[in-house]
Amino acid sequence: MAQYDLVIKNGTVVIPKVGVIRGDIGIVKEKIAALSKEIESKEAHRVIDAAGKYVFPGAIDSHFHIGIFRPMDEDATSESRSAVWGGVTTICSYFRTGKNYLNKSGPYHEIYPEVLEKSKNSFYTDFAYHLTIMTPDQMNEIEKLVTEYGVSTFKYFMFYKMLDLTGAAGSDKYLMLNTSYDLGFLYKYMKEVARVNEKYGTYGRISLSIHCEQPEIINAATQYMRQHETGNPLKDYSDARPPFSEKMAIKEAEVLAAQTNCPVNLLHLSSNDAIEAGKEAVERNPKLNILLEATLHHLGLSNDIRYGRLGKVNPPIREREHVEALWDAVIHDDIKTVVSDSACASKKIKEGDIWTSLAGFGGAEIMFPLLLTEGHRKRGLSLERIAELTSYNSAIYHDLYPKKGTIAIGSDADLAIIDPEKEKVVSVEILHSAQDFTPFEGMKYKGWPVYTIVRGKVIFENDKIVGKPGDGQYIKRPVKYHYRNEYSVKESD
Ligand SMILES: [Zn+2]
């Protein structure tokens, strides 16, 4: 009788922190059950021949915005489908109260169950949420969110602190707030995350993710740039939110993190200035294990290519020298995770000019193709490091390890099988997102997924989705707390 439900044979298996091996993977139900030089085909109900292919742990896209501009369930379905085409098996999405998303404010114990309900039958990938605490009342919910709801990562936007009553992004009408959202708020927020981390830290790292841009500087520089446009909107937008505003924000965040002992994740660093400040923060605070994150668009795009407002994102797309500085930080292991920061938009919602158009766009589907082409082929980034950047490190920093993030016995059988020779030119037509444009239009990438497997189930194969929405499950984090029985065996047992 066959011992395995599925066996992946003859692949080049990329195991983070172990290396690249030639071998077979045996899967029973949802888990990896064997790793061996050879597993005989007769031992398997189904065999996938991965000869000439890379077998990576499925990517964990740990920065996503499901439902920000579209109905949550619809967005979860279309964008997780697109992510599956890209070898992503877990999405960790941000959610906050206020405008966009569910357009409401209130306690998370009322709103978060609604988020989970809308998500339940909508995802092709497994999923988790990071929550943004917007009010003092929500701050009191942090411990319960960790222990009952399985949310172990929180978020703060430094540029939301300027309140201007206009209803534009960053105003109190937009955020539906009647309290200040300033550094004092952040200080109290960090103290509470640190307290909860102290209490549950043995199970994982309870942390605060921060969008680091300094709002007073942005306001001043934006006023100036609106009077001094150059004809290249993306360049103007970058100068309106200058790299040194990221550096300043990171330094403010570092002082508070060190003062409160709060583990922090510095999101989507876009410039050399941000990287330098981030590296210093990491070095000065070894105990906080500060995460530096980069996005696909800051690694793959530069503002000399004229996308105009469709390429508007925060922080902005920068000059080439900043792009190279980011790659350098990726190669030297200063940047630990690469994410899409996907927020499915449309040409329609991005109407207006560079100043009034909404920020953000999607791109999860090009995760492996971009890293294999621009990283591995062009810059010598090893396959093992790509597995760390896309999966292992995200699992460690966002409390999914060892359920996710590696190829090991007992881990979820989440795999992305990549054909290193498959080449495609990016266009809206070849991508599977609901977004009707892509700033990556025309990029030629080599190394596209041919199979995506989520917890032992083939979801995508041979250019076809074979899974269904609802195949993806909600993952409570830290997994070592919520799945204690699965991931800890008493030595006497
Ligand atoms: Zn984001």
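Is Tyr181 buried or exposed in this predicted model? Tyr181 counts as buried, because its relative accessibility is 0%, and buried means under 20% relative accessible area.

**View 1. The zinc ion and its protein donors.** The zinc ion has His63 (NE2), His65 (NE2) and Asp341 (OD) as protein donors, at 2.0 to 2.2 Å. Along the sequence, these donor residues follow the spacing H-x1-H-x275-D. His63 has a relative accessible area of 0% and is therefore buried. His65 is also buried, with a relative accessible area of 9%.

**View 2. The aromatic pair of Tyr156 and Tyr189.** The structure holds 20 aromatic pairs. In one of them, Tyr156 and Tyr189 meet edge-to-face, with 6.2 Å centre to centre and 80° between the planes. This pair links distant parts of the chain, since Tyr156 belongs to strand β9 (residues 153–157) and Tyr189 to helix α6 (residues 183–200), 33 residues apart. Both Tyr156 and Tyr189 are buried.

**View 3. The aromatic pair of Tyr181 and Phe185.** The rings of Tyr181 and Phe185 are tilted, with 45° between the planes and 4.7 Å centre to centre. Phe185 counts as buried because its relative accessibility is 6%; for Tyr181 the value is 0%.

**View 4. An aromatic cluster.** One cluster is formed by Tyr112, Phe123, Phe127, Tyr129, Tyr149 and Tyr474.

**View 5. Lysines over aromatic rings.** Lys403 lies over the face of Tyr483, 4.7 Å from the ring centre. Lys424 lies over the face of Trp448, at 4.5 Å from the ring centre.

Technical notes:
Residues numbered from 1 in each chain as written. Predicted model: local features only at pLDDT ≥ 70, side-chain atom pairs only at ≥ 80, totals over all residues. Heavy atoms only, no water. Donors = N, O, S within 2.8 Å, 3.2 Å for Na, K, Ca; no water. Buried < 20%, exposed > 50% of the residue type's maximum accessible area, 1.4 Å probe, protein only. Phe/Tyr/Trp six-rings, centres within 6.5 Å; stacked < 30°, edge-to-face > 60°. Helix = DSSP H or I, 4+ residues; strand = E, 2+ residues; numbered from the N terminus. Lys NZ or Arg CZ within 6 Å of the ring centre and 35° of its normal.
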